[in-house]
Amino acid sequence: MSESNIESILQEKRLFPPTAAFSQNAQIKSLEEYQQLCDRANSDPQKFWAELAEQELHWFQKWDTVLDWQPPFAKWFVGGKTNISYNCLDRHLTTWRKNKAALIWEGEPGDSRTLTYAQLHLEVCQFANVLKQLGVVKGDRVGIYMPMIPEAAIAMLACARIGAAHSVVFGGFSAEALRDRLIDVEAKVVITADGGWRKGAIVPLKEQVDKALANNVVPTVTSVLVVQRTKQSVEMQPERDFWWHELQKTVSADCPAEPMDSEDMLFVLYTSGSTGKPKGVVHTTGGYNLYTHITTKWIFDLQDTDVYWCTADVGWITGHSYIVYGPLSNGATTLMYEGAPRASNPGCMWDVIEKYGVTVFYTAPTAIRAFIKMGEQLPNARNLSSLRLLGTVGEPINPEAWIWYQRVVGGGRCPIVDTWWQTETGGIMITPLPGAIATKPGSATRPFPGIMADVVDLEGNPVGDNEGGYLVIRHPWPGMMRTVYGDDERFRRTYWEHLPPTNGQYVYFAGDGARRDEDGYFWVMGRVDDVLNVSGHRLGTMEVESALVSHPAVAEAAVVSKPDEIKGEEIVAFITLEGTYSPSDKLSKELKQHVVKEIGAIARPGVIRFTDALPKTRSGKIMRRLLRNLASGQEITGDTSTLEDRGVLDKLRGEG
């Protein structure tokens with residue numbers, strides 16, 4: 001976040017209390033009720049979470065121990081048996097919700113489907129039996145590389161039903177990125193589609209899967225299941241590749257949910273790190289189910305009449321928690337949309353809200369800034385009066401975008417829940433409860449009940465009001481990640497050892513800078529490590545640098561970000577070339593495209609700057625802090641005494 005943005009946030013004083021009418025009908029109706037929940041949770045966390053688990057979820061068998069905490073490893077509801085697919089589907093079939101819309105889907109070309117809870121249950125059971133037919137058993141891992149179509153959610157729920165852990169890879173990632181994740185997670189089956197629609201073009205997903213699996217580089221994969229979505233011709237490898245619709249016809253719709261241990265692995269989802277390969281974040285069954293369920297219910301104030309739309313992709317944690325598992329566990333109607341605003345239909349988001357009477361709308365600040373650029377006339381031309389609650393996710397939102405969102409999209413009547421959380425946390429951690437907490441534009445406000453958040457200095461000591469520091473969580477919570485897949489040591493090092501234990505207690509290090517104001521409201525200022533946040537998606541600098549260096553022209557690369565009005569951050573790459581290559585616009589374009597091929601379009605550098613050398617310390621470490629200053633056009637600040645060659649910096653500054 002730029003200094004000017006931070007400064008405007010620091011001076012933000014506007015307060016938006018919930019209306020009496022909203023609070024009266026809300027799940028949590030007042031600040032007093034919120035405070036009582038927090039007091040109960042803080043005085044006896046285990047009792048608080050155990051009562052919610054008993055009230056809110058179905059269990060085949062109750063747990064013996066609420067929390068087994070062996071820092072930094074947590075186990076929740078130990079000995080309990082449940083199944084998240086059962087909680088999302090089966091338990092609703094004995095109620096009036098059986099014939100309620102569970103999933104509304106709108107395709108980019110305008111095709112649509114609505115699945116009731118009974119219909120979704122049937123399709124999930126059938127597909128679970130397809131997976132069983134292909135030899136998938138409890139404990140196996142299944143890769144999912146899909147467009148935003150109902151089958152993506154069906155595949156996730158079917159895996160969970162039989163106890164296979166899914167690993168969803170965002171459909172915008174390249175074949176190489178997909179391959180690396182499939183190798184790491186040792187996937188047995190890959191589920192994909194012939195293609196998906198994106199801004200009027202077909203994304204050739206099956207073709208990317210074929211590239212990822214070429215030459216048997218992922219030997220664990222025995223089968224590929226393909227949904228017929230775009231109907232273009234694709235190559236089907238005999239005995240490995242199968243059409244979803246053909247196998248679905250051949251199986252029974254009877255598939256009882258497997259009783260899963262609360263700590264059985266539910267999914268592995270890869271998130272970027274500041275160094276090395278992406279981390280496989282492991283989430284387990286019981287605690288994740290409870291946490292996504294209760295956060296969805298209270299934060300989005302779910303009512304039986306709601307049509308709830310989270311605009312994320314299921315390839316990200318937001319899609320897992322707040323398109324699929326959280327809403328369906330609550331028996332809500334959740335909407336999925338394949339498309340995105342494009343030249344041929346810039347107002348498509350507002351069309352969807354109007355068409356389906358969306359009541360709760362959850363999107364990213366990046367999208368909101370893009371909406372602002374497109375102009376008020378687009379939302380103003382549609383009937384958005386069904387909306388009653390708005391949300392933001394993915395990165396801090398600047399106050400003026402918040403105000404525009406509230407005024408233009410929400411008509412001045414909708415509360416906004418600005419949510420802070422991460423892939424690793426499983427669900428939302430800091431947020432307003434919309435009937436209880438007055439909001440401040442740009443602040444995620446207060447911790448969710450049961451979340452003990454703090455802002456500390458490098459020694460782990462709490463800082464004063466309005467002082468900057470590191471955001472930490474002081475006590476385990478049910479939705480927390482359990483480890484990095486296959487690498488407990490990396491889990492410990494990355495999240496628990498940046499700061500010294502406080503009074504012997506481990507604290508979770510979020511990697512974000514924050515401050516807390518005099519009202520106890522949290523203001524999250526963005527990443528403190530070398531992770532880029534582009535359009536709400538986290539990318540490791542090392543990932544992008546590795547992609548660049550794999551090109552024969554590149555000798556060395558350093559990647560930083562600079563503030564961008566639309567994306568939040570734009571990638572800037574500083575590059576030194578191998579001897580026989582010279583800087584050119586053509587090479588710059590080629591390198592950008594090379595990154596797209598290696599990682600995906602979201603990692604495309606916005607700017608490439610060629611340089612003879614990079615600024616380094618005497619020990620050889622690239623000084624990215626200085627490159628960030630240069631990329632943003634700021635003055636070089638801070639200590640430069642460790643810089644090996646001052647001339648490198650002077651040359652770069654002269655160029656910029």
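Contact here means heavy atoms within 4.5 Å. I note at the outset that the model I am reading is predicted.

**Entry 1: Thr82**

I started with Thr82, which sits in strand 3, residues 81-82. I listed what it touches, leaving out residues up to four places away in sequence. The list has His58, Trp59, Phe60, Asn87, Glu258, Pro259, Met260, Thr285 and Gly286. Is Thr82 buried or exposed? Its relative accessibility is 0%, and the cut-off for buried is under 20%, so Thr82 counts as buried. I then looked for a polar partner of its side chain. A polar atom there lies 2.7 Å from the backbone oxygen of His58. His58 is also among the residues that Thr82 touches.

**Entry 2: aromatic pairs**

I searched the whole structure for aromatic pairs and got 34. I opened Trp59 with Trp63. Their ring centres are 4.9 Å apart and the planes make 70°, which is edge-to-face. I checked burial for both. Trp59 has a relative accessible area of 14%, so it is buried. Trp63 is at 9% and counts as buried too. Trp59 had already come up as a contact of Thr82.

Next I took Phe491 and Tyr495. This pair is tilted, with 6.0 Å centre to centre and 50° between the planes. Where do Phe491 and Tyr495 lie? Both are in helix 17, residues 488-496, four residues apart, about one turn of the helix. Both are buried. I followed the ring pairs outward from there. They link Phe491 and Tyr495 into a cluster with Trp69, Phe73, Trp477, Trp496, Tyr506 and Tyr508.

**Entry 3: charges over rings**

I looked up two cases of a charge over a ring. Arg181 lies over the face of Phe173, 4.6 Å from the ring centre. Lys440 places its charged end over the ring of Tyr521, also at 4.6 Å from the centre.

**Entry 4: the loop after helix 17**

I went on to Asn503, in the loop between helix 17 and strand 24. Its relative accessible area is 75%, so Asn503 is exposed. How far is its C-alpha atom from that of Gly460? I read 9.8 Å, for two residues 43 apart along the chain.

**Entry 5: the four-stranded sheet**

Strand 24 led me to a sheet. Four strands form it, in the order 21-22-24-25. The sheet is open and the pairing is antiparallel. Which strands are at the edges? They are strand 21 (453-456) and strand 25 (522-527), and each pairs on one side only. Neighbouring strands are turned by 45° against each other on average, direction ignored.

I zoomed in on strand 24, residues 508-516, and strand 25. Five bridges join them, and they run antiparallel. Arg515 stands opposite Trp523, which is in strand 25. I kept a general point in mind while viewing the side chains. In a regular strand they alternate between the two faces of the sheet.

**Entry 6: a hairpin**

I finished with strands 28 and 29, which form a hairpin. How many residues lie between strand 28 and strand 29? There are three. Strand 28 covers residues 554-564 and strand 29 covers residues 568-577. They run antiparallel, joined by ten bridges. I picked one partner to check the register: Ala557 is bridged to Ile575 in strand 29.

Terms used. Residues numbered from 1 in each chain as written. Predicted model: local features only at pLDDT ≥ 70, side-chain atom pairs only at ≥ 80, totals over all residues. Heavy atoms only, no water. Pairing = 2+ DSSP bridges. Helix = DSSP H or I, 4+ residues; strand = E, 2+ residues; numbered from the N terminus. Axes fitted to C-alpha atoms, helices over the stretch in contact; angles between N-to-C directions. Buried < 20%, exposed > 50% of the residue type's maximum accessible area, 1.4 Å probe, protein only. Polar contact = N/O pair within 3.5 Å; in protein donor to acceptor, adjacent residues only side chain to side chain. Phe/Tyr/Trp six-rings, centres within 6.5 Å; stacked < 30°, edge-to-face > 60°. Lys NZ or Arg CZ within 6 Å of the ring centre and 35° of its normal.
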